[in-house]
Amino acid sequence: MPQLTILHYPDPRLHRVAAPVAAVDERIRRLVADMLETMYAAEGVGLAATQVDVHERVIVMDTSESRDRPLVLINPEIVRRGEELVVTEEGCLSVPAIYDKVTRHAQVTVRALNRDGDTFEMDAEGLTAVCVQHEMDHLVGKVFVEYLSALKRDRIRTRLLKRAREAQKAA
Ligand code: K1U
Ligand code: ZN
């Protein structure tokens with residue numbers, strides 16, 4: 001199974017809005033398998049299809065310590081948001097080596113399809129709740145740096161563009 005290339009901020013393709021998956025078929029199951037392999041190889045806890053330049057509503061996650069509890073969410077929707085908010089230091093595989101605090105709902109209930117095309121609901125809290133909100137933002141073209149000040153975002157953009165230029169030169 002091939003690993004997929006992860007887009008890096010400020011690539012404009014990260015801002016595309018993903019379309020709902022029309023049918024959970026072999027093409028989607030192959031995409032899910034490739035996304036899981038890519039997420040585990042990159043040591044992430046989540047990955048949205050947008051990050052690998054596929055603009056369909058597919059998310060994979062694994063927030064377990066043992067890294068053996070993959071979670072697949074196709075066409076996810078948040079059906080309940082708890083009132084409590086939580087501030088967490090977030091990272092993103094599309095914004096390498098940048099971490100900052102973001103405020104999100106501490107508990108959410110998500111409805112989605114699994115890789116067999118069956119609907120399920122999941123109550124999430126802790127890192128799983130934060131991660132699912134972060135990944136669902138990717139599906140609507142939003143990257144976590146958009147919660148930061150314009151000044152911080154501009155600095156991140158400049159730093160990542162400089163890194164990309166240096167990597168290009170070294171290649
Ligand atoms: O979307 C992504 O690029 C994956 C991202 C998910 C995420 C992590 C932390 C908070 C919210 C969303 C990552 O996996 S970043 C790398 C990572 O493994 C990690 C970073 C901070 C805390 C826990 C894990
Ligand atoms: Zn991310």
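**Figure 1. The cis peptide bond at Pro 10, in the segment before helix H1.** Pro 10 belongs to the segment that precedes H1 in this predicted model. The bond joining Tyr 9 to Pro 10 is cis, and its omega is near 5°. Most peptide bonds are trans.

**Figure 2. Helix H1 and the strands against which its buried residues pack.** H1 comprises residues 26–41, a run of 16 residues. From its first C-alpha to its last, the helix reaches 22 Å, close to the 22 Å expected at 1.5 Å a residue. Buried positions in H1 include Ile 28, Leu 31, Val 32 and Ala 33. Asp 34, Met 35, Leu 36, Thr 38 and Met 39 are likewise buried. The buried residues of the helix pack against strand E1 (46–48), strand E2 (58–61) and strand E3 (71–81). After H1 comes Glu 43, which has a positive phi, near 60°.

**Figure 3. Two loop residues, Arg 67 and Ala 97, with positive phi.** Most residues other than glycine have a negative phi. Arg 67 is not a glycine, yet its phi is positive, at about 55°. This residue lies in the loop between E2 and E3. With a relative accessible area of 28%, Arg 67 is partly exposed, because the partly exposed class runs between 20% and 50%. Ala 97, also not a glycine, has a positive phi of about 65°. Its place is the loop between E4 and E5. The relative accessible area of Ala 97 is 58%, so the residue is classed as exposed, the threshold being over 50%.

**Figure 4. The zinc ion (ligand 2) and its protein donors.** Three protein atoms act as donors to the zinc ion (ligand 2): SG of Cys 92, NE2 of His 134 and NE2 of His 138. These donors lie 2.1 to 2.3 Å from the ion. Along the chain, the donors follow the spacing C-x41-H-x3-H. Cys 92 is located in the loop between strand E4 (85–90) and strand E5 (100–105), whereas His 138 is in helix H2 (residues 126–139), so the pair ties together parts that are 46 residues apart in sequence. Cys 92 and His 138 are both buried.

**Figure 5. The buried cysteines Cys 92 and Cys 131.** Cys 92 has a relative accessibility of 9% and therefore counts as buried, the limit for that class being under 20%. The structure holds zero disulfides. Cys 131 is in no disulfide, and the nearest cysteine sulfur, that of Cys 92, is 9.8 Å away. A disulfide would require the two sulfur atoms to be within 2.5 Å. Cys 131 is buried as well, with a relative accessible area of 5%.

**Figure 6. The charged end of Lys 142 over the ring of Tyr 147.** The charged end of Lys 142 is placed over the Tyr 147 ring, at 4.2 Å from the ring centre. As for contacts between rings, zero aromatic pairs are found in a search of the whole structure.

**Figure 7. Asp 154 in helix H3, shown with Glu 89.** Asp 154 is part of helix H3 (residues 150–170). Its relative accessibility is 42%, so Asp 154 counts as partly exposed. Glu 89 and Asp 154 are separated by 65 residues in sequence and, C-alpha to C-alpha, by 19 Å in space.

Key:
Residues numbered from 1 in each chain as written. Chains lettered and ligands numbered in written order. Predicted model: local features only at pLDDT ≥ 70, side-chain atom pairs only at ≥ 80, totals over all residues. Heavy atoms only, no water. Buried < 20%, exposed > 50% of the residue type's maximum accessible area, 1.4 Å probe, protein only. Phe/Tyr/Trp six-rings, centres within 6.5 Å; stacked < 30°, edge-to-face > 60°. Lys NZ or Arg CZ within 6 Å of the ring centre and 35° of its normal. Donors = N, O, S within 2.8 Å, 3.2 Å for Na, K, Ca; no water. Helix = DSSP H or I, 4+ residues; strand = E, 2+ residues; numbered from the N terminus. Expected span 1.5 Å × (residues − 1). Contact = heavy atoms within 4.5 Å.
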